[in-house]
Amino acid sequence: MKKPVWGALLFLPAFVAAADGVPMTPGKWEMKMTMEMSMLPQPQVKTYTECITEDQLNPDHFKMDQESPCDISDMEIDGNTVSWSISCPGPAGNMTGSWEFTSNGDSVVGSGSMSASMGTMSMEMDMDWEGTRIGDCD
């Protein structure tokens, strides 16, 4: 079962940043994400677990693909905090946003927002997340 695209956006920069000095311990992580969109009547909350390996934390193995053709820019690392901008092309127009997270090795908290204009319609999305390392990968 595939995770939502917005879930994938969370870890994309985390993998890049971890090797550059932000501590994030490989292992099994439980993530809780809360997403609010202007077109949804209430926030959407998703919780899932994911195995994050040492290999995934290596920026040499980081690649964008057809499922995630986004460009990450303006990445800054300040101590345990990482921030970045993201632009994702789509059939009806680009989505752009800014994100930030802070990691303390076995925990992570972050937030971000994305927006898109498609003709006369616009879409806004805000997301907060928190994660905890819950052990070794199975």
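R133 comes out as partly exposed in this predicted model, since its relative accessibility is 21% and the cut-off for counting as buried is under 20%. R133 also has a charged partner: a salt bridge joins it to D136, with 2.8 Å between the closest N and O atoms. D136 itself is exposed, at a relative accessible area of 61%. In general terms, side chains of opposite charge can pair when their charged atoms come close.

A search through the whole structure turns up two salt bridges. Besides the one between R133 and D136, there is one between D138 and K28, where the closest N and O atoms are again given as 2.8 Å apart. D138 sits in the segment after β7 and K28 in strand β1, so this salt bridge ties together parts of the chain that are 110 residues apart in sequence. As for accessibility, D138 is exposed, with a relative accessible area of 86%, while K28 is partly exposed, with 22%.

Now for the sheet. Seven strands make up an open sheet, and reading across it gives the order β2-β1-β7-β6-β5-β4-β3, with antiparallel pairing. The edges belong to β2 (44-52) and β3 (71-78); each has a single partner strand, so one side of each is left without a neighbour in the sheet. Going from one strand to the next, the twist averages 15°. Pairing of this kind works through backbone hydrogen bonds, and strands may run either parallel or antiparallel.

The β3 end of the sheet can be followed residue by residue. Six bridges pair β3 with strand β4 (residues 81-88) in the antiparallel sense. Across this pairing, E76 faces S83 of β4, and D71 stands opposite S87, also in β4. The hairpin made by β3 and β4 has two residues between the strands, and here G79 adopts a positive phi near 65°. On to the next pairing: β4 and β5 run antiparallel and are joined by eight bridges. S87 has a bridge partner in β5 too, namely T96.

Which side chains of β4 are buried, and which are not? The side chains alternate along the strand: V82, W84, I86 and C88 point to one face and are buried, whereas T81, S83, S85 and S87 point to the other and are not. That fits the general pattern, in which the side chains of a regular strand alternate between the two faces of the sheet.

Two of the residues on the buried face of β4 come up again elsewhere. I86 is one of the best-connected residues of the largest nonpolar core: out of 21 residues, M31, I86, W99 and W129 touch the most other members. Strands β1, β2, β4, β5, β6 (107-118) and β7 each supply at least two residues of this core. The largest share comes from β1, with five residues.

W84, for its part, turns up among the aromatic pairs, of which a search of the whole structure finds two. Its ring and that of F101 have their centres 5.8 Å apart and their planes at 70°, so the pair counts as edge-to-face, the cut-off for that being over 60 degrees. This pair links distant parts of the chain, with W84 in strand β4 and F101 in strand β5 (residues 95-103), 17 residues apart. W84 and F101 are both buried. In the pair of W99 and W129, the ring centres lie 5.5 Å apart and the planes meet at 35°, so this pair is tilted. W99 belongs to strand β5 and W129 to strand β7 (residues 121-135), 30 residues apart, and distant parts of the chain are linked here as well. Both W99 and W129 are buried.

Finally, a look at E36, which lies in strand β1 (residues 27-37). E36 is partly exposed, with a relative accessible area of 45%. Setting aside neighbours within four places in sequence, the residues in contact with E36 are P43, E124, M125 and D126. How far apart in space are E36 and D128, which are 92 residues apart in sequence? From C-alpha to C-alpha, E36 and D128 are 8.9 Å apart.

Technical notes
Residues are numbered from 1 along each chain as its sequence is written. This is a predicted model: local features need pLDDT of at least 70, side-chain atom pairs count only at pLDDT 80 or more; totals for chains, interfaces and linings use all residues. Side-chain values use heavy atoms; hydrogens and water are left out. Helices (H or I, at least four residues) and strands (E, at least two) are DSSP runs, numbered from the N terminus. Buried means under 20% relative accessible area, exposed over 50%, partly exposed in between (1.4 Å probe, protein chains only). Contact means heavy atoms within 4.5 Å. Two strands pair if DSSP finds at least two bridges between them. Axes are lines fitted to C-alpha atoms, for helices over the stretch in contact, and angles run from 0 to 180 degrees between N-to-C directions. Rings of Phe, Tyr and Trp (its six-membered ring) pair if their centres lie within 6.5 Å; planes under 30 degrees apart count as stacked, over 60 as edge-to-face and the rest as tilted. A salt bridge is a side-chain nitrogen of Lys or Arg within 4 Å of a carboxyl oxygen of Asp or Glu. A nonpolar core is a set of buried Ala, Val, Leu, Ile, Met, Phe, Trp, Tyr and Cys residues joined through side-chain atoms within 4.5 Å.
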